[in-house]
Amino acid sequence: QVQLVESGGGLVQPGGSLRLSCAASVSIFSLNAMGWYRQAPGKQRELVASIPNGGRLNYADSVKGRFTISRDSAKNTVYLQMNSLKPEDTAVYYCNAVVSRGISLLNYWGQGTQVTVSS
């Protein structure tokens, strides 16, 4: 079982910045990947950014150049630095962890944190 605890959401004006944090209850090196997803009202959950173990960072086209995903292995924490925020970035942001169990891949989710971009 992997527990993920997110923090850092809030209300910010367009053009502003926020940093989201996701603390895992296990070593992040035991995970296949960690990432951030978001879900806006009436829309499907979508991948924002992911950081696979030993793999290349992935970003949604809509956030490339504005968002940066990173991790601190000593703290078992993944971050999402969000700059130049736009109203369309408004959503609930979820932390995700992927773990291998035999031939299966298990997904774990945080509780979600609200990000609202509005003037």
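These are my notebook entries on a sheet, a disulfide, a nonpolar core and a buried asparagine in a predicted model.

**Entry: the four-stranded sheet**

I began with the strand order, and I found an open sheet of four strands that runs β1-β3-β8-β7, with antiparallel pairing. The edges are taken by β1 (4-7) and β7 (67-72), and because each has a single partner strand, one side of each is left without a neighbour in the sheet. I also looked up the twist, which averages 15° from one strand to the next. As general background I noted that strands of a sheet pair through backbone hydrogen bonds, either parallel or antiparallel.

I then went through the pairings of β8. Strand β3 (residues 18-24) and strand β8 (residues 77-82) run antiparallel and are joined by six bridges. To place the two strands against each other I listed two positions: Ala23 stands opposite Thr77 in β8, and Ser21 stands opposite Tyr79 in β8. With β7, strand β8 pairs in the antiparallel sense, also over six bridges, and here Asp72 is the residue that stands opposite Thr77. Thr77 therefore turns up twice in my list, once opposite Ala23 and once opposite Asp72, in keeping with the sheet order, in which β8 is written between β3 and β7.

The connection between β7 and β8 is a hairpin with four residues between the strands, and Asn76 in that turn has a positive phi of about 50°. I checked the cover of β8 as well, and this strand is mostly covered, with five of its six residues buried.

**Entry: the disulfide**

How many disulfides does the model hold? The count comes to one, and the disulfide joins Cys22 to Cys95, with an S to S distance of 2.0 Å. The pair links distant parts of the chain, since Cys22 lies in strand β3 and Cys95 in strand β9 (residues 91-101), 73 residues apart. The torsion about the S-S bond is about -80°, so I wrote this disulfide down as left-handed.

Are the two cysteines buried or exposed? Cys22 is buried, with a relative accessible area of 0%, and Cys95 is buried with a value of 0% too.

**Entry: the nonpolar core**

Next I looked up the largest nonpolar core, which has 31 residues, and the members that touch the most others are Leu4, Met34, Trp36, Leu80, Met82 and Tyr93. At least two residues of this core come from each of β3, β4 (33-39), β5 (46-52), β7, β8, β9 and β11 (113-117). Strand β9 gives the most to the core, with five residues.

I followed Leu4 further, leaving aside its neighbours within four places in sequence, and its contacts include both disulfide partners, Cys22 and Cys95, together with Ala23, Met34, Asn96 and Trp109.

**Entry: strand β9 and its partners**

Because β9 kept returning in my notes, I listed its pairings one by one. Strand β4 pairs with β9 in the antiparallel sense over seven bridges, and Met34 stands opposite Ala97 in β9. Strand β10 (residues 104-109) runs antiparallel to β9 and is joined to β9 by six bridges. Three bridges join β9 to β11, again antiparallel, and Ala91 has Val115 of β11 as its bridge partner.

In the hairpin of β9 and β10 there are two residues between the strands, and Gly102 takes a positive phi near 65°. Strand β9 is mostly covered, as eight of its eleven residues are buried.

**Entry: Asn96**

My last stop was Asn96, which is found in strand β9. Why does this residue count as buried? Its relative accessibility is 3%, and buried means under 20%. Across the strands, Asn96 stands opposite Trp109 in β10. The side chains of Asn96 and Asn107 are joined by a polar contact of 3.0 Å.

Not counting residues up to four places away in sequence, Asn96 touches Leu4, Ala33, Met34, Gly35, Tyr37, Asn107, Tyr108 and Trp109. Two of the names in that list, Leu4 and Met34, also stand among the core residues that touch the most other members.

Technical notes: Residues are numbered from 1 along each chain as its sequence is written. This is a predicted model: local features need pLDDT of at least 70, side-chain atom pairs count only at pLDDT 80 or more; totals for chains, interfaces and linings use all residues. Side-chain values use heavy atoms; hydrogens and water are left out. Axes are lines fitted to C-alpha atoms, for helices over the stretch in contact, and angles run from 0 to 180 degrees between N-to-C directions. A disulfide is a pair of cysteine sulfur atoms within 2.5 Å. Buried means under 20% relative accessible area, exposed over 50%, partly exposed in between (1.4 Å probe, protein chains only). A nonpolar core is a set of buried Ala, Val, Leu, Ile, Met, Phe, Trp, Tyr and Cys residues joined through side-chain atoms within 4.5 Å. Contact means heavy atoms within 4.5 Å. A polar contact is a pair of N or O atoms within 3.5 Å; within protein, one must be able to donate a hydrogen and the other to accept it, and residues adjacent in sequence count only if both atoms are side-chain atoms.
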